[in-house]
Every structure is written in C-alpha cells, then in structure tokens.
Amino acid sequence: MTLIARCGQYVVRTARRFAAEAGRRWVAFGELWRRSLQVRVVTSTLALSTAVVFVLGMVLQNEIINRLVYTKQQAGIAQTGVAQSTVSNALRGVVSSADNMPITLANALATLTTAAAGSDQQQAASSAAGAYVPILVQASPGEPDAQVVSVGPYANVPMSLRLMVQNGQSAFQMTTVSTPDGPQIFLVVGAPISTTFSPPVQLYLMFPLSSEQSTIGVVQGTLLLGGLVLVLLLAGITNLVIRQVVRPVRNAAEIAERFADGHLDERMRVIGEDDVARLAESYNSMAASIQAQIHQLEDFGQLQRRFTSDVSHELRTPLTTVRMAADVLHASREQFPAGLSRSTELLVDELDRFEALLGDLLEISRLDAGVEELASEQVDVRGLARSAVNSVQGLIESTTTRIVLDLPDTECTADVDSRRVERILRNLLANAVDHGEGLPVRLTVAAGHNAIAVTVRDYGVGLRTGEGDLVFNRFWRADPSRNRRTGGTGLGLAISVEDARLHGGRLEAWGEPGKGACFRLTLPTVPNAELAESPLPLPPLDAPGAEPPVAAPVVAPPPAPVLVEPAPGGNGADLAWRPTEVTEIVVRNASNEVVEVVAGGSDHEGEAGT
C-alpha cells in the first residue's frame, strides 16, 4: 500500500508539473502571438495549408480508391463471363444425379482451372482481374445450407449475393473474409450457369484485393509525406516572405521609438523603389518636418522666455522710479482732496500688483528655462503651514473666513525648499480665501512612509467638470466675471505646479459646484524620490454629500494678538504667529485622534499653547 501511495503521489506531482509547464508555455505562446505579426501569419498559413492539404489528400485518396475498385470490378466481371462460358460448356450434355452431383461440379471446376491456364482469352482475363478462388454451387432460393451442393468456400459468399444469383441475376459484392493471415477484403462476383440441372447451378469467383490494398497504402503514405513536406515548404516560404515585410516595419518601429526619445536625426534607410521604400521616404519626410517644427518651437520658446525676462528686467527700473514717486504722493495723501487722495491709494495698490506680476513673470521664465535649483533642507512642514497662514492674514481681516489648521502632534520633516513650499501653500490659501465665499478654509498636514501631504479645503463655489486640470493653466480664471479680493496675477497656481515638480512631487485639484474645492500637495521626504500613494485622500473624505459649514458671523478683528503653539518638547518661541480671532488649530496624535483645539483671540495674547 505504501508503494502504491508513493506511486500515486509521484504521478500527481508529475501531472501538476506537466500542467504548470504547459500553462507557462501557453502563456508564453499567447504573449508571442500578441506581439509578433510574423508568428501570427506563419501559424495561420500553416493551419490553413494543413486544412487545404488534408482536404485535397482525402479527395485524391477517394478518387484513387474508386478508380482501383472500379477497374477491379470490371476485370472481375469480364473474368466471370469467361468462366461462366467455360463451366457451361463443361456441364453441357452431362447427366447427373443427386448422388454424383459433387463429383460433376468438381470436374467442371477442374475444367475451369485447366482452361484458365491454357486459353489465351482466359489468361488475358485472368491477368487483368488477378488470381481468384472459384466456387460452384447447386442450390435453390431459400434452400437450407445443409441441402446445398457446393465445391469451394461457399460459406464466404455473402447471403445477399447468393439470393440475387439464385434468382438468375449476375451481381458482385465486396466482403471481408477471415484468413489465416488475418482479415482480407475480397471482390465476389456471382453468375448463374445455363444447364438443365435442377436445382440450377451458380458460379462465384472471389478476387482478393491485396494488391489494391498495397497500392492504396503506398498512395496514402505518399500523400501524407507529400502533404507534410508541402505544408512545411509553405510555412518556410511564408516565413521568408513575411520577414521581407516585417523587418522594415520593425526597423521603422525602432527608429520611431528612438525619434520619440529625442534622437531627432534618426532616419529609415531607403532601399529600392517598392512600397516599403516609399514608406521609408514618407517617414523620413515626416521626421524631417517634425524636427524642423520642434526646432522652430524651441527657438520660439527661447525667444519668448528671453523677451519675458528682458521686459521684466527692463520694467524694474522705471517701476522703481514710479514706486518712489507714488510713495511720496501716498505719504502726503492727507493734504490732497478726497478724490486725489483715493487716486494715490489706487496707484499704490496697482503698483503692488504690477510688482508682483513682474516677480511672477521672472519666476515663470526661470522655471521655463530650467535654470531653477532647489535649496533643500530638513524642514518641519507644520512650521511652513503656520507661516503660510500668517502671510495671508491680511486677506481675511475684512472677511468672515477663518482658517482651521489640522496638524499632527509629531514632526513632519522633509527635505524641501522651504521658500518654494511656503509659496505653494500661500497661493493655495489665497485662492481658497478668494473663492471660499467667506466659509472656513481647512489646511491639513499628514505624513506617510515616504511622503508628506498638505490639503487646502474650501467650501465655496467649487470647480466644474474638467476644470481640475485647467485651474493650473497660466492666466486661467474659472469665472472671469467674479469679483476677486486678492487681485492675483493669474500665475500663482502655474508657479506652484512647477515648484511641486521641482521637488518630484505633484499638485492636484478636486472640486464640485456648490461643494467647494480641495487642492492636495504631495511631496517626497527626499527630493525626486518615487511617490506611491499620498497620505491624504483626494477627493476629501467629506466630499460626498457634505454640507458646507455655516459661515462665522462678522467680527471686527481685534488688535493683533499673538498665539504661541510650541512643538513637543520646545518652548514655543519659534512657532509664534499672528492669527485673527476666528483662527483655530486642531492638534492630532499619532492615532489621528484630536487632542486639542486651540482658538485664537485677544484673550490668548502671550499664552503658550500645547
């Protein structure tokens, strides 16, 4: 039993290995089938050729067999006619009784054999029909075999043929006879003999088809071998022909890949004047045209960047002069009439905006030129978030907007350029305040395994479908007719995207009309490291069916209070900033549980929060 069990386990393991190997081979063949045009064409040609050769071989084999059998039948019928005449002559005038009937039939059969050896007609017919076994029978229709008088192997004659011959008809039939050498096919031809005997006499000749079977075997082997050779030749010819077509296509694909990688001088070789040569010429013309257009666009881009940079630099000198004059007028505005005083204030405001626009144009031109570099250092992103909130306090002093900071209670350090990251957060906060319709804005910071994420969530007008990508385009505005509080330059988000790209991170946007918008900044903890998933979701968790929070009542901002929130283990002196009265901070622990909510106000001036 143990041996049987081991043998069974071995068989099962072998079957599993075979199945696994077959599965791998099938998968590899499927991959090769999908990727190789040459394999598909050759395999299809081989399959179709095999089918055609098989059908053609069957048709030829059937035609040859039918011809051989027909020839054998005609020769057997002719031989039977000659033998019928010989036996009739031998039995003519013979008087026989039931007792000596077997001797009479045996003598007639001997006469037939002797005549076949001596007569030219018999020899000619015998040579055409081949050797045969003669049978003479005296029987009546329906007579039992025990009463039949026969000479020869009468039992090998089929019953249906006996009935037809006993009824006076000549007929033939194919039958299989068991011989000492095995089953053998015979052609049996029967004919009645014209005698005065009663019951009548019948003659049967059995012609073996061994020579025809040998011929058919040779024909089948020849057809099989010829078909196999023909299929292999067709597959080889197809392979050679398809290679002449596939090789230029593969070369064109490789050249196109190198061309797409930036090797703009790659060209196809033009050989001959056929269709492939015309394809190569067309491809080379297309590549030359694309190369020229790319160079033209590069030159145009360089000229555009140079023009923007030059104009921005040249405008700084007159801007400085105008700024000095405007500052002088602004300082003396109380001495001017009301209209002129207001004009000086508008002049200073627009000069501030113009100066910011020039700065953004210089920054975007440097980013386009690829000359910007990161001044990265290990920074706690929570401090950058607080600094960004502090920098936009002037925008929300006259609004009902309050900024909610959702910060973890552990450090979120990353190797980043603090100036650029703070600028990104400042732009996102200013954008959220401008489109938040006075509702709260939430800034959330979270750290992952190898990434830091910051989201800025507002509950204002939101974004329509498709605007999530357009919002980062230069000078794009969701609704040009809306009044803006910030008076931005239209380049803030475009610069923020480039700053995130310099860090190897990404800046993404989500929004729905009436449900607000959310911008997510994801940065690697190490510059240009591969990013997997962001620590914060987008869309935010409160997006589906979220009700926007109620706007806070308008409260006059008190004199600038100071709220200090120290880092764990610190004294809080390095984390001070000046929020408005409606600013609050949510502090979470490592389990993402809220441990404290600190709200700003005049009563907190000088306090140290934890």
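1. Is R520 buried or exposed? In this predicted model, R520 has a relative accessible area of 9% and is buried. Its salt-bridge partner is E508, with the closest N and O atoms 2.7 Å apart. E508 belongs to strand β11 (residues 506-512) and R520 to strand β12 (residues 516-524), so the pair ties together parts 12 residues apart in sequence. E508 itself is partly exposed, at 25% relative accessibility.

2. The overall figures are as follows. The protein has 610 residues, and 36% of them count as buried. There are 13 helices and 16 strands. Of the contacts with a separation of 6 or more, 65% are between residues 24 or more positions apart. The accessible surface is about 34500 Å², and carbon and sulfur atoms account for 57% of that surface.

3. The structure holds 14 salt bridges. Side chains of opposite charge can pair when their charged atoms come close. In helix α1, R24 and E21 form such a bridge at 2.5 Å, N to O. These two residues are three apart in helix α1, which means a separation of about one helical turn. R24 is exposed, at 51% relative accessibility, while E21 is partly exposed, at 29%.

4. Helix α2 has a bridge between E63 and R67, whose closest N and O atoms are 3.2 Å apart. The two residues are four apart in helix α2, about one turn of the helix. E63 is partly exposed, at 41% relative accessibility, and R67 is exposed, at 56%.

5. Helices α1 (residues 2-35) and α2 (residues 37-91) pack at about 100 degrees, and their axes are 5 Å apart. The angle therefore makes α1 roughly perpendicular to α2. On the α1 side the contact involves F29, L32, W33, R34 and R35, which meet L37, V39, R40, T43 and S44 of α2.

6. L429 is in helix α11 (residues 418-435). L429 counts as buried because its relative accessibility is 0%, and the cut-off for buried is under 20%. Leaving aside residues up to four places away in sequence, L429 touches A388, V389, V392, V441, L443 and V456. The C-alpha atoms of L429 and F519 are 9.6 Å apart, although these positions lie 90 residues apart along the chain.

7. On the surface, L225, V229, L233, I237 and V241 make a nonpolar patch of about 460 Å². One of these residues, L225, lies in helix α6 (residues 210-260) and is exposed, with a relative accessible area of 55%.

Notes. Residues are numbered from 1 along each chain as its sequence is written. This is a predicted model: local features need pLDDT of at least 70, side-chain atom pairs count only at pLDDT 80 or more; totals for chains, interfaces and linings use all residues. Side-chain values use heavy atoms; hydrogens and water are left out. Patches are made of residues with over 30% relative accessible area and no salt bridge: like charges are joined within 9 Å, nonpolar side chains (Val, Leu, Ile, Met, Phe, Trp, Tyr) within 5 Å. Accessible areas come from the Shrake-Rupley method with a 1.4 Å probe; for residues, only the protein chains shown count as cover. A salt bridge is a side-chain nitrogen of Lys or Arg within 4 Å of a carboxyl oxygen of Asp or Glu. Buried means under 20% relative accessible area, exposed over 50%, partly exposed in between (1.4 Å probe, protein chains only). Axes are lines fitted to C-alpha atoms, for helices over the stretch in contact, and angles run from 0 to 180 degrees between N-to-C directions. Angles under 35 degrees count as roughly parallel, over 145 as roughly antiparallel, 65 to 115 as roughly perpendicular and the rest as oblique. Contact means heavy atoms within 4.5 Å.
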